[in-house]
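Subject: The structure we talked about

Hi,

Here is the structure I promised to send over. Have a look at it first, and then read on for what turned up.

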Amino acid sequence: MAILKGKGAMTGVNLIAKVYKNEVTKDGKSQYADVQLDARDPRGPEQTNLHLKSDRVPGEGGKVRYNNGAPYSTGQMEEIVKAAGPNTEPILNKDGTEVGTIYGFKGNVMPATRGTGLVVNTKSVEASEFKVDDKTLDNQFASMRAAREARAAAKESQAQAPAPAPETKQEQAAEVEEPAVG
């Protein structure tokens, strides 16, 4: 899950929303969307997980999968679609059939009141600084992979760095016992 810390970290965030046509609730009042921090946003490059919501779900055969979808009301989705304007890209399945849409937009995020993760404050949405295209999702995955590899490399180099030599008791005592000059 994306981690946004510090003053102003949750405001004016460039986002993308992956919205599949079949992820509408039975009553038609809500739509599930996988909203992600856009990897090109200044807060994106060091993130190992760009999803605003990411829950571990036990799958078949002990496999773990992740649920990244959060419910947004029909009205909230309309605000996201309106903010994105023409900044969209179709999501195609293996057969080339359109199964959803990627929307690029910008907005403020906040902790979810129900469930986990962050959600978009749809009263604050506007056009994104970045254009979505057919490479956007590939770039998202590449950014997360690069951040994970950088973090692993940093841990590896930290593990290989020699630990500072522990001070002897005599050195510690010498530091304490020195008289102050003056």
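How do the residues of the lining of the largest cavity divide into nonpolar, polar and charged? One is nonpolar, three are polar and two are charged. Please keep in mind throughout that this is a predicted model.

The cavity itself

The search gave one cavity of 30 Å³ or more, and the space in the largest cavity comes to about 30 Å³. Its lining consists of D38, A39, R40, T136, N139 and Q140. Two of these residues also touch each other in another way: the side chains of D38 and R40 form a salt bridge, with N and O 3.0 Å apart. D38 is buried, at a relative accessible area of 1%, whereas R40 is partly exposed at 34%.

Salt bridges

Across the whole structure there are six salt bridges, and the D38 and R40 pair is one of them. Another joins D55 to K53, where the closest N and O atoms are 2.6 Å apart. Here K53 counts as buried because its relative accessibility is 11%, under the 20% cut-off, while D55, at 22%, counts as partly exposed.

The pair you may enjoy most is E129 with K106, whose side chains meet at 2.5 Å, N to O. This salt bridge links distant parts of the chain: K106 belongs to strand 7 (residues 98-111), and E129 lies in the loop between strand 8 (118-127) and helix 2 (136-160), 23 residues away. E129 is exposed, with a relative accessible area of 51%, but K106 is buried at 14%.

Around strand 7

K106 brings us to the strand that holds it. Strand 7 runs antiparallel to strand 1 (residues 13-20), and eight bridges join the two; in this pairing K106 has N14 opposite.

Strand 7 also pairs with strand 6 (residues 88-92), again antiparallel, through five bridges. There, E98 of strand 7 stands opposite L92. The hairpin of strands 6 and 7 has five residues between the strands, and G96 in this hairpin takes a positive phi near 85°.

With strand 8, strand 7 shares six bridges, and these two strands run antiparallel as well. F105 is found opposite A127 of strand 8. The hairpin of strands 7 and 8 has six residues between the strands, and in this one G115 has a positive phi near 85°.

I hope this makes a handy starting point when you open the model.

Best wishes

Definitions and conventions. Residues numbered from 1 in each chain as written. Predicted model: local features only at pLDDT ≥ 70, side-chain atom pairs only at ≥ 80, totals over all residues. Heavy atoms only, no water. Salt bridge = Lys/Arg side-chain N within 4 Å of Asp/Glu carboxyl O. Buried < 20%, exposed > 50% of the residue type's maximum accessible area, 1.4 Å probe, protein only. Helix = DSSP H or I, 4+ residues; strand = E, 2+ residues; numbered from the N terminus. 1 Å grid on protein atoms, 1.4 Å probe; cavity = no way out; pocket = protein on both sides within 12 Å on 5 of 7 lines; lining within 4 Å. Points joined across faces, edges and corners; volume = space filled by probe spheres on them. Nonpolar A, V, L, I, M, F, W, Y, C, P; charged D, E, K, R; others polar. Pairing = 2+ DSSP bridges.
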